[in-house]
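Trainee: I've got the model open and want to test some of the labels people put on it. Can we take them one at a time?

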Amino acid sequence: MTTDFFSLLEEKDFDLVSPKFRPFLRHERPPASWTQTTAFYAYGYRNAFEEIVIPLIRWWPNRDYLLMPAFSLARHSVELHLKEVIARYSEATGIEADTSRRHDLLGLWKLAYVAVDSGVGISSADSWTNYCGQLVKHIHDIDPNGQKFRYPRDNNGKVHQYTRVELIDLAKAHWHITN
């Protein structure tokens, strides 16, 4: 396994213009149907975050420029997990819930809570669920639409308020919400 990005490249790759374009993305038949599910994407994003957060914690306070993508990865993982819960319980209850255009974590949390609570006889009124709800609300209050850590400015050109990310606490919150 390569540990250095530049060892992937050949000397000719450093030329300004490559002599031959090589496509690196292509449509093809998926290896299995489950690789095109929200559950699989949620699994992938959760594990990607868990793989990178430990080195980031070790490197702190160096490489702080990686905090923004790490937070975005964690937030997207949470979003996908909530959408998967909603889809799974909506199937069981027959209650339709289209989450394809939703990115607000608090709204997704409320839909997930109702889907679980109403459908399969599992009460969501316990201390762990309430704690996870507080974690989701905290993330949502700072980044309501998933844009704050992806771009320096909002859609109106206003610079987002600087927000420090406590990686260990983010990792713990992510684990609670996605498990």
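Mentor: Sure. Start with Glu79, which touches Arg102, His103, Leu105 and Leu108, leaving aside residues up to four places away in sequence; a contact here means heavy atoms within 4.5 Å. Bear in mind that this is a predicted model, where local features need pLDDT of at least 70, side-chain atom pairs count only at pLDDT 80 or more, and totals for chains, interfaces and linings use all residues. Residues are numbered from 1 along each chain as its sequence is written, and side-chain values use heavy atoms, with hydrogens and water left out.

Trainee: What makes Glu79 buried rather than exposed?

Mentor: Buried means under 20% relative accessible area, exposed means over 50%, and partly exposed is in between (1.4 Å probe, protein chains only). Glu79 has 3%, so it counts as buried. Its place is in helix α2.

Trainee: And why is Arg63 called partly exposed?

Mentor: Its relative accessible area is 37%, which lies between those two cut-offs, so the label is partly exposed. Arg63 is in the loop between α1 and α2.

Trainee: What makes the backbone of Arg63 worth a look?

Mentor: Phi is near 60 degrees there, a positive value in a residue other than glycine. Most residues other than glycine have a negative phi, and most peptide bonds are trans. That loop also holds Pro61, and the peptide bond from Trp60 to Pro61 is cis, with omega near 10 degrees.

Trainee: How do you know how many helices and strands there are?

Mentor: They are DSSP runs, H or I of at least four residues for helices and E of at least two for strands, numbered from the N terminus. The chain comes to five helices and zero strands, in the order α-α-α-α-α.

Trainee: How do you know the length of α5 is right for a helix?

Mentor: The expected span is 1.5 Å times one less than the number of residues. For the twelve residues of α5 that gives 16 Å, and the end C-alpha atoms are 16 Å apart, so the two agree.

Trainee: Which residues of α5 are buried, and what covers them?

Mentor: Leu167, Leu170, Ala171, Ala173, His174, Ile177 and Thr178 are buried. They cover an arc of only 165 degrees around the axis (taken from the directions from the axis to the C-beta atoms), which puts them on the same side of α5. What covers them includes α1, α2 and α4.

Trainee: What makes one space a cavity and another a pocket?

Mentor: On a 1 Å grid over the protein atoms alone, a cavity is a set of points where a 1.4 Å probe fits but cannot get out, while a pocket is an open set with protein on both sides within 12 Å along at least five of seven lines; lining residues have an atom within 4 Å of a point. Points join across faces, edges and corners, and the volume is the space filled by probe spheres set on them. One cavity of 30 Å³ or more turns up, and the largest holds about 30 Å³.

Trainee: Which residues line the largest cavity?

Mentor: Phe71, Ala74, Arg75, Val78, Ile139, Leu170, Ala173 and His174. The elements giving two or more of them are α2 and α5, with α2 supplying the largest share, four residues.

Trainee: How much space is in the largest pocket, and what lines it?

Mentor: About 380 Å³. Its lining has 21 residues, with Val85, Trp109, Val116, Trp128 and Ile177 nearest the centre. Here too α2 gives the largest share, five residues.
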